[in-house]
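Good morning, and thank you for coming. Please look at the structure on the screen while I describe several parts of it in turn.

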Amino acid sequence: MTPRNLVILTGAGISAESGVPTFRGPDGLWEGHRVEDVATPQAFRRDPVLVQRFYDLRRAALAKVEPNAAHHALARLDAEWPGELLLVTQNVDDLHDRAGSRRLRHMHGELKSALCAGCGAAMPWEGDLSNTDAGAPACRRCGAARLRPDIVWFGEMPYHMEAIAAAIAACDLFVSIGTSGAVYPAAGFVDWAREAGAATLELNLDPSAGTPLFDEARHGPATALVPAWVAEVLAAVGR
(Lines give C-alpha, C1' and ligand atoms only; values in the text may rest on other atoms or scores of the structure.)
Protein backbone atom coordinates (compact mmCIF):
# COMPACT_ATOMS: atom_id res chain seq x y z
CA MET A 1 0.00 0.00 0.00
CA THR A 2 1.34 3.42 -0.93
CA PRO A 3 1.71 5.63 2.15
CA ARG A 4 0.00 8.99 2.31
CA ASN A 5 1.16 10.56 5.57
CA LEU A 6 4.88 10.57 6.32
CA VAL A 7 6.96 11.40 9.38
CA ILE A 8 10.71 11.48 8.85
CA LEU A 9 13.25 11.75 11.66
CA THR A 10 16.83 12.75 10.90
CA GLY A 11 19.90 12.68 13.11
CA ALA A 12 23.59 13.43 13.03
CA GLY A 13 24.34 10.84 10.35
CA ILE A 14 22.69 12.85 7.59
CA SER A 15 24.79 15.96 8.28
CA ALA A 16 28.02 14.07 8.94
CA GLU A 17 28.35 13.54 5.19
CA SER A 18 28.41 17.33 4.77
CA GLY A 19 31.31 17.56 7.20
CA VAL A 20 29.33 18.47 10.31
CA PRO A 21 30.99 16.58 13.18
CA THR A 22 28.76 14.49 15.38
CA PHE A 23 28.77 15.93 18.88
CA ARG A 24 29.35 12.71 20.81
CA GLY A 25 32.63 10.99 19.98
CA PRO A 26 33.66 7.40 20.69
CA ASP A 27 35.18 8.51 23.99
CA GLY A 28 31.87 9.96 25.19
CA LEU A 29 33.02 13.57 24.77
CA TRP A 30 31.42 16.29 22.69
CA GLU A 31 34.35 17.60 20.63
CA GLY A 32 36.71 17.38 23.58
CA HIS A 33 34.24 18.56 26.23
CA ARG A 34 32.28 16.60 28.78
CA VAL A 35 28.55 16.83 28.18
CA GLU A 36 28.19 18.27 31.68
CA ASP A 37 30.47 21.17 30.75
CA VAL A 38 28.64 22.40 27.64
CA ALA A 39 25.16 20.90 27.35
CA THR A 40 23.28 21.43 30.60
CA PRO A 41 21.59 24.44 32.21
CA GLN A 42 23.90 23.94 35.20
CA ALA A 43 26.96 24.30 32.96
CA PHE A 44 25.65 27.59 31.58
CA ARG A 45 25.09 28.98 35.06
CA ARG A 46 28.54 27.83 36.17
CA ASP A 47 30.58 29.03 33.18
CA PRO A 48 28.48 30.91 30.60
CA VAL A 49 31.50 32.12 28.63
CA LEU A 50 32.79 28.56 28.06
CA VAL A 51 29.37 27.36 26.95
CA GLN A 52 28.77 30.35 24.67
CA ARG A 53 32.16 29.95 23.00
CA PHE A 54 31.55 26.24 22.40
CA TYR A 55 28.35 26.99 20.48
CA ASP A 56 29.84 30.08 18.81
CA LEU A 57 32.40 27.79 17.20
CA ARG A 58 29.70 25.37 16.09
CA ARG A 59 27.66 28.27 14.64
CA ALA A 60 30.64 29.72 12.77
CA ALA A 61 31.46 26.31 11.31
CA LEU A 62 28.13 26.21 9.47
CA ALA A 63 29.53 28.67 6.93
CA LYS A 64 31.99 25.97 5.82
CA VAL A 65 29.46 23.21 5.06
CA GLU A 66 26.69 22.76 2.51
CA PRO A 67 23.58 20.58 2.27
CA ASN A 68 24.30 17.23 0.68
CA ALA A 69 22.31 14.99 -1.66
CA ALA A 70 20.27 13.56 1.22
CA HIS A 71 19.18 17.02 2.42
CA HIS A 72 18.25 18.02 -1.11
CA ALA A 73 16.31 14.79 -1.69
CA LEU A 74 14.21 15.39 1.44
CA ALA A 75 13.55 18.96 0.34
CA ARG A 76 12.33 17.61 -3.00
CA LEU A 77 10.07 15.17 -1.17
CA ASP A 78 8.72 18.02 0.98
CA ALA A 79 7.91 20.07 -2.12
CA GLU A 80 6.34 17.25 -4.15
CA TRP A 81 4.65 14.95 -1.63
CA PRO A 82 0.86 15.24 -2.00
CA GLY A 83 -0.02 13.98 1.47
CA GLU A 84 0.88 15.06 4.96
CA LEU A 85 4.60 15.20 5.76
CA LEU A 86 6.58 16.24 8.80
CA LEU A 87 10.38 16.30 8.82
CA VAL A 88 11.69 16.22 12.39
CA THR A 89 15.40 16.76 12.91
CA GLN A 90 17.51 16.23 15.98
CA ASN A 91 20.22 18.31 14.32
CA VAL A 92 20.86 21.91 15.32
CA ASP A 93 22.50 22.86 12.02
CA ASP A 94 20.60 24.66 9.24
CA LEU A 95 21.28 22.25 6.38
CA HIS A 96 17.67 21.08 5.96
CA ASP A 97 16.58 24.73 5.93
CA ARG A 98 19.15 25.70 3.32
CA ALA A 99 18.23 22.70 1.17
CA GLY A 100 14.67 24.02 1.06
CA SER A 101 12.67 21.85 3.47
CA ARG A 102 9.66 23.74 4.82
CA ARG A 103 7.54 21.15 6.65
CA LEU A 104 10.35 20.99 9.21
CA ARG A 105 10.69 21.00 12.98
CA HIS A 106 13.97 21.31 14.91
CA MET A 107 13.26 19.34 18.08
CA HIS A 108 16.61 20.13 19.71
CA GLY A 109 16.80 23.81 18.77
CA GLU A 110 18.94 25.68 16.27
CA LEU A 111 22.46 27.07 16.30
CA LYS A 112 21.29 30.15 14.39
CA SER A 113 18.83 31.11 17.10
CA ALA A 114 19.30 32.69 20.52
CA LEU A 115 17.00 32.20 23.50
CA CYS A 116 16.46 34.64 26.34
CA ALA A 117 16.76 32.83 29.66
CA GLY A 118 14.75 35.67 31.19
CA CYS A 119 11.63 36.23 29.08
CA GLY A 120 11.81 33.11 26.87
CA ALA A 121 11.96 34.97 23.55
CA ALA A 122 13.74 33.25 20.67
CA MET A 123 15.35 35.28 17.92
CA PRO A 124 17.52 34.69 14.83
CA TRP A 125 21.22 34.98 15.63
CA GLU A 126 24.15 34.78 13.24
CA GLY A 127 27.15 36.01 15.24
CA ASP A 128 28.79 35.19 18.54
CA LEU A 129 27.02 35.09 21.87
CA SER A 130 30.24 35.24 23.90
CA ASN A 131 31.10 38.84 23.06
CA THR A 132 30.49 40.42 26.46
CA ASP A 133 32.11 40.12 29.86
CA ALA A 134 28.77 38.98 31.27
CA GLY A 135 28.84 35.99 28.92
CA ALA A 136 25.54 36.95 27.27
CA PRO A 137 24.33 39.85 25.10
CA ALA A 138 21.13 41.72 25.94
CA CYS A 139 17.78 40.39 24.78
CA ARG A 140 16.18 42.45 22.03
CA ARG A 141 12.77 42.13 23.71
CA CYS A 142 13.27 42.50 27.47
CA GLY A 143 16.78 44.00 27.54
CA ALA A 144 18.18 41.49 30.05
CA ALA A 145 21.70 40.22 29.35
CA ARG A 146 20.61 36.62 29.48
CA LEU A 147 20.78 35.33 25.89
CA ARG A 148 21.93 31.73 25.51
CA PRO A 149 22.09 29.27 22.62
CA ASP A 150 18.62 28.16 21.57
CA ILE A 151 19.64 24.54 22.09
CA VAL A 152 17.73 21.91 24.05
CA TRP A 153 20.19 20.77 26.69
CA PHE A 154 20.10 17.62 28.75
CA GLY A 155 17.31 17.86 31.29
CA GLU A 156 15.22 20.19 29.08
CA MET A 157 12.08 19.36 27.11
CA PRO A 158 12.54 19.04 23.32
CA TYR A 159 10.58 21.42 21.15
CA HIS A 160 7.37 20.67 19.19
CA MET A 161 6.58 17.43 21.03
CA GLU A 162 2.79 17.83 20.78
CA ALA A 163 2.95 18.40 17.02
CA ILE A 164 5.38 15.51 16.57
CA ALA A 165 3.23 13.12 18.60
CA ALA A 166 0.12 14.09 16.63
CA ALA A 167 1.88 13.63 13.29
CA ILE A 168 3.21 10.20 14.28
CA ALA A 169 -0.23 9.12 15.49
CA ALA A 170 -1.65 10.02 12.06
CA CYS A 171 1.16 8.74 9.85
CA ASP A 172 1.24 5.50 7.89
CA LEU A 173 5.01 5.53 7.31
CA PHE A 174 7.71 6.53 9.78
CA VAL A 175 11.28 6.81 8.49
CA SER A 176 14.39 7.24 10.63
CA ILE A 177 17.51 8.53 8.88
CA GLY A 178 21.02 8.76 10.33
CA THR A 179 20.09 8.32 13.98
CA SER A 180 21.68 6.21 16.71
CA GLY A 181 18.41 5.02 18.17
CA ALA A 182 19.82 5.68 21.63
CA VAL A 183 18.71 9.23 22.56
CA TYR A 184 15.22 9.68 23.96
CA PRO A 185 12.56 10.77 23.33
CA ALA A 186 13.44 10.49 19.61
CA ALA A 187 14.52 6.87 20.05
CA GLY A 188 10.97 6.07 21.12
CA PHE A 189 9.31 7.50 18.00
CA VAL A 190 9.47 4.14 16.21
CA ASP A 191 7.48 2.59 19.06
CA TRP A 192 4.90 5.36 18.79
CA ALA A 193 4.62 4.72 15.05
CA ARG A 194 4.24 0.98 15.50
CA GLU A 195 1.50 1.55 18.07
CA ALA A 196 -0.26 3.75 15.52
CA GLY A 197 -0.10 0.96 12.94
CA ALA A 198 2.38 2.71 10.66
CA ALA A 199 5.02 0.99 8.58
CA THR A 200 8.57 1.77 9.72
CA LEU A 201 11.82 2.14 7.78
CA GLU A 202 15.38 2.80 8.93
CA LEU A 203 17.99 4.36 6.63
CA ASN A 204 21.31 4.41 8.45
CA LEU A 205 25.00 3.97 7.77
CA ASP A 206 25.14 0.98 10.12
CA PRO A 207 22.57 -0.94 12.18
CA SER A 208 21.45 1.17 15.12
CA ALA A 209 20.28 0.30 18.61
CA GLY A 210 16.72 0.47 17.29
CA THR A 211 17.14 -1.51 14.06
CA PRO A 212 15.23 -4.59 15.33
CA LEU A 213 12.16 -2.40 15.88
CA PHE A 214 11.81 -1.41 12.22
CA ASP A 215 9.87 -3.32 9.57
CA GLU A 216 12.68 -2.65 7.10
CA ALA A 217 16.24 -1.38 7.42
CA ARG A 218 18.58 -0.24 4.65
CA HIS A 219 22.18 0.47 5.53
CA GLY A 220 24.70 2.63 3.71
CA PRO A 221 25.56 6.32 3.18
CA ALA A 222 22.63 8.71 3.49
CA THR A 223 23.71 10.46 0.29
CA ALA A 224 23.01 7.22 -1.58
CA LEU A 225 20.09 5.75 0.37
CA VAL A 226 17.93 8.84 0.82
CA PRO A 227 17.79 10.03 -2.83
CA ALA A 228 17.03 6.47 -3.94
CA TRP A 229 14.21 6.11 -1.40
CA VAL A 230 12.75 9.52 -2.24
CA ALA A 231 12.71 8.67 -5.95
CA GLU A 232 11.01 5.38 -5.10
CA VAL A 233 8.19 6.85 -3.01
CA LEU A 234 7.58 9.76 -5.40
CA ALA A 235 7.37 7.35 -8.33
CA ALA A 236 4.75 5.38 -6.40
CA VAL A 237 2.49 8.47 -6.37
CA GLY A 238 3.24 9.45 -9.95
CA ARG A 239 5.66 12.28 -9.22
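Let us start with Ile8 and its surroundings. Apart from its neighbours within four places in sequence, Ile8 is in contact with Leu74, Leu77, Leu85, Leu86, Leu87, Val88, Val175, Ile177 and Trp229. Please keep in mind that this is a predicted model.

Which residues touch the most other members of the largest nonpolar core? They are Ile8, Leu74, Leu77, Val226 and Trp229, in a core of 24 residues. Two or more residues of this core come from each of strand S1 (6-10), helix H5 (69-80), strand S2 (85-89), S7, S8 and helix H9 (222-236). H9 makes the greatest contribution, with 7 residues. As general background, nonpolar side chains in soluble globular proteins tend to be buried together.

Let me now turn to one of these contributors, strand S8. Strand S8 covers residues 199-204, and 5 of its 6 residues are buried. On one hand, S8 pairs with strand S7 (residues 173-177) in the parallel sense, over 5 bridges. On the other hand, S8 is joined to strand S9 (residues 216-219) by 4 bridges, and these two strands also run parallel.

Leu201 illustrates both pairings. Val175 has Leu201 of S8 as its bridge partner, and Leu201 in turn has Glu216 of S9 as its bridge partner. You may recall Val175 from the opening, where it was named as a contact of Ile8. Helix H8 (residues 189-195) also belongs to this part of the chain: S7, H8 and S8 make a β-α-β unit that is right-handed.

A second arrangement of strands deserves attention. In general, the strands of a sheet pair through backbone hydrogen bonds, either parallel or antiparallel. Here, 3 strands in the order S5-S4-S6 form an open sheet with antiparallel pairing. Its edge strands are strand S5 (122-124) and strand S6 (147-151), each of which pairs on one side only. From one strand to the next, the twist averages 45°.

Strand S4 (residues 109-116) and S6 are antiparallel and joined by 5 bridges. Within this pairing, Ala114 stands opposite Pro149 of S6. Helix H4 (residues 48-61) packs on the sheet and touches S4 and S6, and its direction makes about 55° with that of S6.

Next, I would like to consider a single polar residue, His106, which lies in strand S3 (residues 104-106). Is His106 buried or exposed? Its relative accessibility is 6%, and therefore His106 counts as buried.

What does the side chain of His106 meet in that position? It makes a polar contact with the side chain of Asp97, at 2.9 Å. A polar atom of the His106 side chain also lies 3.1 Å from the backbone oxygen of Asn91. If we leave aside the neighbours within four places in sequence, the contacts of His106 are Thr89, Asn91, Asp93, Asp97, Tyr159 and His160.

Finally, let us examine Gly13, in helix H1 (residues 12-16). Gly13 counts as partly exposed because its relative accessibility is 28%. The C-alpha atoms of Gly13 and Ile168 are 21 Å apart, and these two residues are separated by 155 residues along the chain.

To close, I return to the starting point: Ile8 is among the residues that touch the most other members of the largest nonpolar core. Thank you for your attention.

How values were computed:
Residues are numbered from 1 along each chain as its sequence is written. This is a predicted model: local features need pLDDT of at least 70, side-chain atom pairs count only at pLDDT 80 or more; totals for chains, interfaces and linings use all residues. Side-chain values use heavy atoms; hydrogens and water are left out. Buried means under 20% relative accessible area, exposed over 50%, partly exposed in between (1.4 Å probe, protein chains only). Two strands pair if DSSP finds at least two bridges between them. A crossover is right-handed if, with the strands pointing away from the viewer, the path from the first strand over the helix to the second runs clockwise. A nonpolar core is a set of buried Ala, Val, Leu, Ile, Met, Phe, Trp, Tyr and Cys residues joined through side-chain atoms within 4.5 Å. Contact means heavy atoms within 4.5 Å. Axes are lines fitted to C-alpha atoms, for helices over the stretch in contact, and angles run from 0 to 180 degrees between N-to-C directions. A polar contact is a pair of N or O atoms within 3.5 Å; within protein, one must be able to donate a hydrogen and the other to accept it, and residues adjacent in sequence count only if both atoms are side-chain atoms.
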